[in-house]
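Colleague: Could you take me closely through one part of this predicted model, the surroundings of a bound ligand, and then connect that part to what lies around it? I would like one continuous account that I can follow residue by residue.

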Amino acid sequence: MSPIETSLQPLIIAGIEITHPPQKYLDTTGQYTGTPNTIYPTILGCEAHSDGDVVYHSIVDSIFGALTLPDIGQVFVDTDPRWKGANSEQFMVYAKEVMDRYGYELGNVDVTLILERPKVAGFKPGMKDNIVRLLGTNEGRVNVKARTHEGVDSTGQLRAVECHVVLTLVLKA
Ligand SMILES: Nc1ccn([C@@H]2O[C@H](COP(=O)(O)O)[C@@H](O)[C@H]2O)c(=O)n1
Ligand SMILES: C[C@@]1(CO)OP(=O)(O)OP(=O)(O)OC[C@H]1O
């Protein structure tokens, strides 16, 4: 993540644009302020080749992993101009198609988003709805959690966002 003036795109998480008031951003490199360890307010954006949707990318990678397939970066190469600024929904659609083709459906999925700020509690229902829709499942099988990194390392300093996904696939009858 970085100030939106640098990222040139907003923070998109599980298909939701995370609109928010300026957050206190700690730049330990001094890249933006010229002064290391300066805290200053900024609207955050996501630096990525695509729209950088960390939740969608992590779910796609988990599906590929469960099917013992190559990872998302091998399937959607991050130098390919087709994915520049791409809406990551299409990666989810593709992963669902692959899952179907292999004869599997979602068992359940538990997403843990690690993001210091902004707070995302109000966005969780929309995130969940999008995942349910794209994986062709129901709301009893999808969980979205969030937590901070308690100020520690690049995630705690708002320069990064992390996502852990635990997912099961079930062979279709
Ligand atoms: N970006 C975030 C991070 C966390 N939350 C919610 O805040 C609660 C407390 O999180 P801690 O890491 O401080 O324990 C928890 O319920 C998270 O869901 C959030 O909304 N946005
Ligand atoms: C899907 C891709 C495509 O460029 O998205 P990126 O925005 O580069 O994001 P990342 O999750 O770092 O790597 C996966 C890429 O394959």
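Modeller: A backbone N or O atom of V120 lies 2.9 Å from a nitrogen atom of ligand 1, and L115 likewise offers a backbone N or O atom, at 2.7 Å from a nitrogen atom of that ligand. On the oxygen side of the chemistry, a polar backbone atom of A146 is 3.1 Å from an oxygen atom of ligand 1. Taken alone, ligand 1 exposes 460 Å², and the protein buries 66% of that area. The residues that surround ligand 1 are L115, P118, K119, V120, A121, K124, A146, R147 and T148, and as the model is a predicted one, these contacts are computed from predicted coordinates.

One of these neighbours, P118, deserves a separate remark, since a cis peptide bond with an omega of about -5 degrees joins R117 to P118. P118 belongs to the loop that lies between β7 and α5, and both of those elements take part in the arrangement described next.

Strand β7 covers residues 104–114 and is joined to β8 by six bridges, the two strands running parallel. Within this pairing, L113 stands opposite A146 of β8, and A146 is also the residue whose polar backbone atom is 3.1 Å from an oxygen atom of ligand 1. Helix α5, made up of residues 124–135, packs on the sheet and touches β7 and β8, with a direction that makes about 145 degrees with that of β8.

Seen as a whole, the sheet is open and has three strands in the order β8-β7-β9, with mixed pairing. Its edge strands are β8, residues 142–147, and β9, residues 162–171, each of which pairs on one side only. From one strand to the next, the twist averages 10 degrees. Another helix, α2, which spans residues 54–66, also packs on the sheet, where it touches β7 and β9, and its direction makes about 40 degrees with that of β9.

Helix α2 also contributes to an aromatic contact. The model has six aromatic pairs by the distance rule applied here, and among them F64 and Y94 form an edge-to-face pair, 6.3 Å from centre to centre and with 85 degrees between the planes. F64 lies in helix α2 whereas Y94 lies in helix α4, residues 89–101, so this pair ties together parts that are 30 residues apart in sequence.

For a second ligand to set beside the one you asked about, consider ligand 2, around which lie A48, H49, S50, H57, I72, G73, F76, D78 and F91. Side chains take part here: a polar side-chain atom of S50 lies 2.6 Å from an oxygen atom of ligand 2, and a polar side-chain atom of H57 lies 2.7 Å from an oxygen atom of that ligand. F76 instead places a backbone N or O atom 2.5 Å from an oxygen atom of ligand 2. Ligand 2 on its own exposes 370 Å², of which the protein buries 76%.

One backbone detail elsewhere may be worth checking as you look through the chain: L8 has a positive phi of about 60 degrees although this residue is not a glycine, and L8 sits in the loop between α1, residues 4–7, and β2, residues 12–13.

Technical notes: Residues numbered from 1 in each chain as written. Chains lettered and ligands numbered in written order. Predicted model: local features only at pLDDT ≥ 70, side-chain atom pairs only at ≥ 80, totals over all residues. Heavy atoms only, no water. Pairing = 2+ DSSP bridges. Helix = DSSP H or I, 4+ residues; strand = E, 2+ residues; numbered from the N terminus. Axes fitted to C-alpha atoms, helices over the stretch in contact; angles between N-to-C directions. Contact = heavy atoms within 4.5 Å. Near = heavy atom within 4 Å. Polar contact = N/O pair within 3.5 Å; in protein donor to acceptor, adjacent residues only side chain to side chain. Areas by Shrake-Rupley, 256 points an atom, 1.4 Å probe, with all protein chains shown as cover. Phe/Tyr/Trp six-rings, centres within 6.5 Å; stacked < 30°, edge-to-face > 60°.
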